[in-house]
Amino acid sequence: MDPNTFPTKGNLILAKNSLKLAHMGYELMDKKRNILIRELMGLIDEAKDIQRQIDVTFREAYAALQIANMEIGITNVQTVSYTVPVEESIRIKTRSIMGVEIPLVEADPSGQAPTYAYYSTKESLDQAKQAFEKVKDLTLNLSMIENSAYRLAAAIKKTQKRANALKNITIPHYTQLSKDIADALEEKEREEFTRLKVIKQRKNKAS
């Protein structure tokens with residue numbers, strides 16, 4: 001038997017303190033969950049908006065690319081594509097939201113000088129280049145948001161489990177324990193009062 005469940009005043013104080021801490025813990029978990037949910041909802045809305053922008057920009061990019069293919073030839077466009085450098089400027093940092101590490105994706109801004117000569121191409125290729133660069137930037141941002149949303153969702157699930165454990169297990173346990181110890185102490189006090197009363201009556205009769 002757990003000695004902390006014995007009906008003593010010390011154990012009653014411990015049980016009440018544990019109950020108070022459990023309530024505080026639940027309130028903190030509940031606040032954390034609500035904050036994370038608000039962050040997640042904001043990210044979801046932002047992701048939807050970026051996805052719409054990507055869809056529109058992709059259509060514009062491919063339309064411009066098709067025109068460029070017709071104006072300067074598919075082979076020439078393909079040759080130009082080989083000169084596009086590999087993206088190596090991506091950097092990943094993190095920030096914390098209520099203890100949850102959220103990625104921050106950074107990259108050098110797009111729009112650097114083209115790797116082809118203007119005199120040998122058409123404006124449609126420039127438009128395609130700009131559109132695809134915008135798609136790249138949007139995709140980087142979307143990847144950061146989706147990864148952040150995934151981490152927040154996992155943290156919300158974990159926080160919910162802890163809050164449920166406090167609400168449905170820990171708090172009821174210490175509530176019942178405090179009541180049981182308090183009832184037992186009260187019963188002891190009544191028994192002691194009755195015993196002392198009987199002794200006093202006997203002394204009065206004897207005198």
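Colleague: Why does Asp 49 count as partly exposed?

Modeller: Asp 49 has 35% relative accessibility. Buried means under 20% relative accessible area and exposed means over 50%, with partly exposed in between (1.4 Å probe, protein chains only). The value for Asp 49 falls between the two limits, so the residue is partly exposed.

Colleague: What sort of model is this, and how are its residues numbered?

Modeller: It is a predicted model, with residues numbered from 1 along each chain as its sequence is written. Local features need pLDDT of at least 70 and side-chain atom pairs count only at pLDDT 80 or more, while totals for chains, interfaces and linings use all residues; side-chain values use heavy atoms, with hydrogens and water left out.

Colleague: What makes the pair of Arg 52 and Asp 49 a salt bridge?

Modeller: The N to O distance between their side chains is 3.8 Å. A salt bridge needs a side-chain nitrogen of Lys or Arg within 4 Å of a carboxyl oxygen of Asp or Glu, so this pair qualifies. Arg 52 and Asp 49 are both in helix 1, three residues apart, about one turn of the helix. Helices here are DSSP runs (H or I, at least four residues), as are strands (E, at least two), numbered from the N terminus.

Colleague: How many salt bridges does this rule give?

Modeller: The count is eight. Among them is the bridge between Arg 91 and Glu 106, again at 3.8 Å from N to O. Arg 91 belongs to strand 1 (residues 91-97) and Glu 106 to strand 2, so the pair ties together parts 15 residues apart in sequence. Arg 91 is partly exposed at 37% relative accessibility, and Glu 106 is partly exposed at 30%.

Colleague: How do you know that Lys 179 and Asp 183 meet in a salt bridge?

Modeller: Their N to O distance is 3.0 Å, and that lies within the limit for a salt bridge. Both residues lie in helix 3, four residues apart, about one turn of the helix. Elsewhere, salt bridges that share partners join Arg 91, Lys 93 and Glu 106 into one network.

Colleague: How many aromatic pairs are there in the whole structure?

Modeller: The search finds three. One of them is Phe 58 with Tyr 62, at 5.7 Å centre to centre and 15° between the planes.

Colleague: Why is the pair of Phe 58 and Tyr 62 called stacked?

Modeller: Rings of Phe, Tyr and Trp (its six-membered ring) pair if their centres lie within 6.5 Å; planes under 30 degrees apart count as stacked, over 60 as edge-to-face and the rest as tilted. The distance of 5.7 Å meets the first limit and the angle of 15° is under 30 degrees, so the pair is stacked. Phe 58 and Tyr 62 are both in helix 1 (residues 9-72), four residues apart.

Colleague: What makes the pair of Phe 58 and Phe 132 edge-to-face?

Modeller: The centres are 6.3 Å apart and the planes are at 75°. That angle is over 60, so the pair is edge-to-face. Phe 58 is in helix 1 and Phe 132 in helix 3 (residues 123-206), so the pair ties together parts 74 residues apart in sequence. Phe 58, Tyr 62 and Phe 132 form one aromatic cluster.

Colleague: Which residues have the most contacts inside the largest nonpolar core?

Modeller: They are Leu 36, Ile 50, Val 100 and Leu 152, in a core of 16 residues. Helix 1, strand 2 (100-106) and helix 3 each supply at least two of its residues. The largest share, seven residues, comes from helix 3. Another core lies apart from it, with six residues, among them Leu 19, Ala 163, Leu 166 and Ile 171.

Colleague: What makes a set of residues a nonpolar core?

Modeller: The members are buried Ala, Val, Leu, Ile, Met, Phe, Trp, Tyr and Cys residues, joined through side-chain atoms within 4.5 Å.

Colleague: Which residues is Ile 50 in contact with, leaving aside its neighbours within four places in sequence?

Modeller: Ile 50 is in contact (heavy atoms within 4.5 Å) with Leu 138, Asn 141, Leu 142 and Ile 145.

Colleague: Where is Met 98, and why does it count as partly exposed?

Modeller: Met 98 lies in the loop between strand 1 and strand 2. Its relative accessibility is 38%, so by the same limits it is partly exposed. Its phi is near 50°, a positive value in a residue other than glycine.
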